[in-house]
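Here are a few exercises to work through with the model open beside you. Try each task yourself before reading its solution.

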Amino acid sequence: GLRALVVDNADLSRRRWFDLPAGFVFHFGGAWDDGESIRLDYDHYADPGVVTEFARDIMDGHLAARSGWATATTVRLDLRRGTAHAEGFAGRSEFPRIHPGRVGARYRFRYGLDADGEADREHPFHNAVRSVDLETGAMARYSFGPHVIAEEHVVVPKPAGTDEDAAWLVGTALDTAARRTRLT
């Protein structure tokens, strides 16, 4: 299983462990402390096969079938009770991001990659971007299509924007049919 260690940065000897659902975590989105609990989000894999098998095969030059996808997951670590509650969102997820102005503070929107269709050797990668409203559960997504590999996108705040969702998602996408990488 997964375990989270919370360490008090004012007194490093004060530590507390929390048990989380079993699996593998590769990337975190963000986190904040509301006084009673620590909230965080990450992409949760059932096992480490994305690194130990899939990524290894890709680096060896072999296009492998995908063994599993990550689920966007939010976790509440209850500091008073010593318990953890995890909740996943529908869809596939990777490279989670939040608005840079919300790092360490409560945030509402989580952004990241998503994927269409079934994983196979023809397209075992992500080909869409999406946002998740963590308060309502509403999702918005954009698919680049079946011949595109979407790469990690970053959140770029709009200069005049004051709302958390007043931002652009900027990244690259490889169009394998056109043999071009595009800035999106």
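**Exercise 1: Strands side by side**

Find how β7 and β8 pair, and place them in their sheet.

Solution. Start with the pair itself: β7 and strand β8 (residues 109-114) run antiparallel and are joined over two bridges. Strands here are DSSP runs (E, at least two residues), numbered from the N terminus, and two strands pair if DSSP finds at least two bridges between them. One contact point to look for is E94, whose bridge partner in β8 is L113.

Next, widen the view. The open sheet has four strands in the order β7-β8-β9-β10, with antiparallel pairing. β7 (94-97) and β10 (139-143) are the edge strands; each has a single partner strand, so one side of each lacks a neighbour in the sheet. On average, neighbouring strands of this sheet are turned by 15° against each other, direction ignored. For such angles, axes are lines fitted to C-alpha atoms, and the general scale runs from 0 to 180 degrees between N-to-C directions.

Before going on, a word on the source: this is a predicted model, where local features need pLDDT of at least 70, side-chain atom pairs count only at pLDDT 80 or more, and totals for chains, interfaces and linings use all residues. Residues are numbered from 1 along each chain as its sequence is written, and side-chain values use heavy atoms, leaving out hydrogens and water.

**Exercise 2: A residue in β9**

Decide whether S131 is buried or exposed, and list what it touches.

Solution. First locate S131: it sits in strand β9 (residues 128-133). Its relative accessibility is 17%, so S131 counts as buried. The cut-offs are under 20% relative accessible area for buried, over 50% for exposed, and partly exposed in between (1.4 Å probe, protein chains only). Then list the contacts (heavy atoms within 4.5 Å): leaving aside residues up to four places away in sequence, S131 touches R110, Y111, A138, M139 and A140.

**Exercise 3: Two positive phi angles**

Describe the settings of F95 and R179.

Solution. Take F95, in strand β7. F95 is not a glycine, yet its phi is positive, about 55°. With 25% relative accessibility, F95 counts as partly exposed.

Now turn to R179, in the loop between β12 (167-175) and β13. R179 is not a glycine either, and has a positive phi of about 60°. At 72% relative accessibility, R179 counts as exposed.

**Exercise 4: Confidence**

Where in the protein chain is confidence lowest, and where is it highest?

Solution. Begin with the whole chain: its mean pLDDT (the predictor's confidence in each residue, from 0 to 100) is 90, and 95% of its residues reach 70 or more. Confidence is lowest in helix α1 (residues 49-59), with a mean of 81, and highest in strand β13 (residues 180-183), at 96. A helix is a DSSP run of H or I with at least four residues.
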